[in-house]
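Welcome, and please open the structure in your viewer. We will begin with the whole chain and then select a few places along it.

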Amino acid sequence: MQKIIEILTVSLSELVAESDERDSLIFNEFGDYWQLSLPELRERASVFAHRYMQTQMKAHYIASTVYELLAGRKAGEDISDYVDELYKELKRQRFFTIFDLQVFRILMPQLNVARFFKLYEVFAVSLRTYENYNPADGIELMVKVHATALSYAISSTARAQKYLSFVIEQIEALQGRPFTSEFSIMKRFVSIVRLYQSGNVDAAKRAFDSFNGAAKRLDVQRLWVSPNLLDFETFWKRLISIDPSKLQESDTALKSAEIETVDFGVFGMGEAFAFIMKLKKLSVHEFELAGMSHSKIYRVRKNLAEFDVEDLFAGMLAA
């Protein structure tokens, strides 16, 4: 099954679930947030707050805070405290789980450039884990975040110099479904941006004119999954207003973070489990709260026992 997933670049849930339930196994917490009314958002916040009081599980606290933020935004209230709290929670992570990626996607429009790129570095590192696991909703999330990063990177000359090379590097390295149109458009667009950034101005202009002409004929002036992205023409005008020499990498440019990696196909579950605990800064107590016994945690980490389904869900909840 893993080989089929890799070859088809589909997710496990797409392989085993009905199409109308695609990815509900992993995108269930916030999958419908944009469809909810203000009372429904308040109710979700209350439900998760209650769960947190009962279990002390941090994931429930974060989910409650997300729904408070969404409700406050819909009501036109001050949401700065919720933004600060969620940013603080994400900033302490060295790795984003799929749950964290969803929180980042929702929080992203409320972040200033500096805060956004602080989390974008963690986002970029985390995506390496999901290269062979790209559900459709995951591809949409990746495109949305990377497109936002492109727009933010050229918001001023100083920011372009510091951030643009890093963003281009992340998008060029991104793995995904080649037949996903949004993904392909973004990859093509960033290759033209790279031409300009490297100083090949004439070639970049010709490539962009061809690209933008085709986009207009197809009525695709921007990536539809990414309202944060300026339309292609506006982005291009802002980009070329900055001299290419100022877009080169500098001493202050971001660099891809390096973290220890584990080949999950080679290492046993115990090593993988310990690795995730280390990255997520999780304690044994948090897994006990989620339903795993202390002795079972010890035996799994020492490869003396296997996960069963209940252990797996307890581990996911803790993470």
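Show the surface of the protein chain in this predicted model. Its accessible surface comes to about 16200 Å², and carbon and sulfur atoms account for 53% of that area. Of the 319 residues in the chain, 45% are buried.

Now switch to a cartoon view. You will find 16 helices and zero strands. If you draw the contacts between residues with a separation of 6 or more, 66% of them join residues 24 or more positions apart.

Next, select residues 181–197, which are helix α10. How far apart are its end C-alpha atoms? They are 24 Å apart, and this agrees with the span expected for 17 residues at 1.5 Å a residue, also 24 Å.

Keep α10 selected and show its side chains. Towards the start of the helix, look for E182, F183 and M186, which are among its buried residues. Carry on to F189, V190, I192 and V193, also buried in α10, and then to Y196 and Q197, likewise buried. Just beyond, stop at G199, which follows α10 and has a positive phi, near 100 degrees.

For the last stop, select helix α16, residues 309–318, where you will find V309. Is V309 buried or exposed? V309 is exposed, because its relative accessible area is 53% and the cut-off for exposed is over 50%. Add L312, F313 and M316 to the selection: with V309 they form a nonpolar patch on the surface. Together these residues have about 400 Å² of accessible area.

Technical notes
Residues are numbered from 1 along each chain as its sequence is written. This is a predicted model: local features need pLDDT of at least 70, side-chain atom pairs count only at pLDDT 80 or more; totals for chains, interfaces and linings use all residues. Side-chain values use heavy atoms; hydrogens and water are left out. Helices (H or I, at least four residues) and strands (E, at least two) are DSSP runs, numbered from the N terminus. Buried means under 20% relative accessible area, exposed over 50%, partly exposed in between (1.4 Å probe, protein chains only). Contact means heavy atoms within 4.5 Å. Accessible areas come from the Shrake-Rupley method with a 1.4 Å probe; for residues, only the protein chains shown count as cover. The expected span of a helix is 1.5 Å times one less than its number of residues. Patches are made of residues with over 30% relative accessible area and no salt bridge: like charges are joined within 9 Å, nonpolar side chains (Val, Leu, Ile, Met, Phe, Trp, Tyr) within 5 Å. A salt bridge is a side-chain nitrogen of Lys or Arg within 4 Å of a carboxyl oxygen of Asp or Glu.
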